[in-house]
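Me: Here's a model I'd like to pick apart. Can we go through the labels people put on it and check where each one comes from?

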Amino acid sequence: MGIRRRFVPLTAALALTGGLSASQAAPALAAQPASGRTAGAAAADGTYLSFNKNQSDPGKSALYLMASVPDARDTVLAKYRAGSGDAGPNGTDECAGSQGWLPNGTYQVLAHDAHYNGGDHGVNGKVIHVQDKVCQDGRTTRAELFVHSEMWPEGSQAAARPGQDNPYRWDGPDDYRSLGCIKLSPAHIDDLFGEAGRYGWPTKLKVVS
């Protein structure tokens, strides 16, 4: 399919659905956020991401692009259905590495990339990379965390696999499941990138229940 592929270590490969424990994190990848297209100094002030976790159905949570408004209520610029966690018995346990959803709190946005190449078993395509976060137990670090979808690095969809899931193709609502990362549909992450480019790239992600 003309896709450039490369070998990645197993720890980096597991970043496909994010939420690794501290012992599983890949230090080299953590030190090199999404291909250097940083959102830090280049980002416009005044926008941030807000992820509102749905306790009854994590796959129907919501991700907002927000504008900060001094001395007034912040403005919603865009809203998207999103998911985090694997929807299993530990799916809402923020300290369950590779199972639970993201811990509550504020994260720095490290980078964004429209053509991220995480390898044959990693996150690919449009991604927003956020910092690691220690969960509520004060010990477990959730690492390799992205806002992402399911696609090849250049943004195309992989071929369908009848009867089984393809991690690079959006097959339906079950694809909102992750091992910690925040996942959007391909159409929604495309729209988010467009809106962030229009209003200014967010520098923070706020996660709330």
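**Rings, cores and strands**

Reply: Tyrosine 116 is buried, as is phenylalanine 146. Keep in mind that this is a predicted model.

Me: Why is the pair of tyrosine 116 and phenylalanine 146 called tilted?

Reply: Pairing needs ring centres within 6.5 Å, and tyrosine 116 and phenylalanine 146 have theirs 5.6 Å apart. Planes under 30 degrees apart would be stacked and over 60 edge-to-face; this pair has 40° between the planes. That falls in neither class, so the pair is tilted.

Me: What makes that pair a link between parts apart in sequence?

Reply: Tyrosine 116 sits in strand 4 (residues 105-117) and phenylalanine 146 in strand 8 (residues 145-148), so the two rings tie together parts 30 residues apart in sequence.

Me: And why is the pair of phenylalanine 193 and tryptophan 201 called edge-to-face?

Reply: The centres of phenylalanine 193 and tryptophan 201 are 4.9 Å apart, with 80° between the planes. Edge-to-face starts over 60 degrees, so the label holds. Both phenylalanine 193 and tryptophan 201 are buried, too. Across the whole structure, the search turns up 4 aromatic pairs.

Me: How do you know that lysine 133 lies over the face of tyrosine 107?

Reply: The distance cut-off is within 6 Å of the ring centre, alongside a limit of within 35 degrees of the ring normal. Lysine 133 is at 4.7 Å from the ring centre of tyrosine 107 and is listed as lying over its face. Lysine 206 does likewise with tyrosine 48, at 4.3 Å from the ring centre.

Me: What makes a group of residues here a nonpolar core?

Reply: The members have to be buried residues of nonpolar or aromatic kinds such as Leu, Ile and Phe, joined through side-chain atoms within 4.5 Å. The largest such core has 24 residues, and those with the most contacts inside it are Leu63, Ile128, Leu184, Leu192 and Leu205. Among the elements giving two or more residues are strand 1 (47-52), strand 2 (61-67), strand 5 (124-130) and strand 10 (204-208). Helix 3 gives the most, with 4 residues. A second, separate core has 5 residues, including Tyr116, Val123, Val127 and Phe146.

Me: Which residues does isoleucine 128 touch, leaving aside neighbours within four places in sequence?

Reply: Isoleucine 128 is in contact with Leu49, Val109, Ala111, His112, Leu145, Phe146, Val147, Leu192, Phe193 and Trp201.

Me: Why are strand 3 and strand 9 called edge strands?

Reply: The sheet is open, with 8 strands in the order 3-2-1-10-4-5-8-9 and mixed pairing. Strand 3 and strand 9 (182-183) each pair on one side only, and that is what the label stands for. Helix 3 lies across strand 1, strand 2, strand 3, strand 4, strand 5 and strand 8, at about 160° to strand 3.

Me: How do you know that strand 4 and strand 10 pair?

Reply: At least two bridges are needed, and 4 join strand 4 to strand 10, so they pair. These two strands run antiparallel. Glutamine 108 has lysine 204 as its bridge partner in strand 10, while tyrosine 107 stands opposite leucine 205. Strand 1 also joins strand 10 through 4 bridges, but those two run parallel; there, serine 50 stands opposite lysine 206.

Me: Which faces does strand 10 have?

Reply: The covered face of strand 10 holds Leu205 and Val207, and the uncovered one Lys204, Lys206 and Val208.

Me: What makes strand 4 and strand 5 paired, and what lies between them?

Reply: Strand 4 and strand 5 share 6 bridges in the antiparallel sense. The bar is at least two, so they count as paired. They form a hairpin with 6 residues between them, and glycine 119 in the turn has a positive phi of about 90°. Asparagine 117 stands opposite asparagine 124 in strand 5.

Technical notes. Residues are numbered from 1 along each chain as its sequence is written. This is a predicted model: local features need pLDDT of at least 70, side-chain atom pairs count only at pLDDT 80 or more; totals for chains, interfaces and linings use all residues. Side-chain values use heavy atoms; hydrogens and water are left out. Rings of Phe, Tyr and Trp (its six-membered ring) pair if their centres lie within 6.5 Å; planes under 30 degrees apart count as stacked, over 60 as edge-to-face and the rest as tilted. Buried means under 20% relative accessible area, exposed over 50%, partly exposed in between (1.4 Å probe, protein chains only). Contact means heavy atoms within 4.5 Å. Axes are lines fitted to C-alpha atoms, for helices over the stretch in contact, and angles run from 0 to 180 degrees between N-to-C directions.
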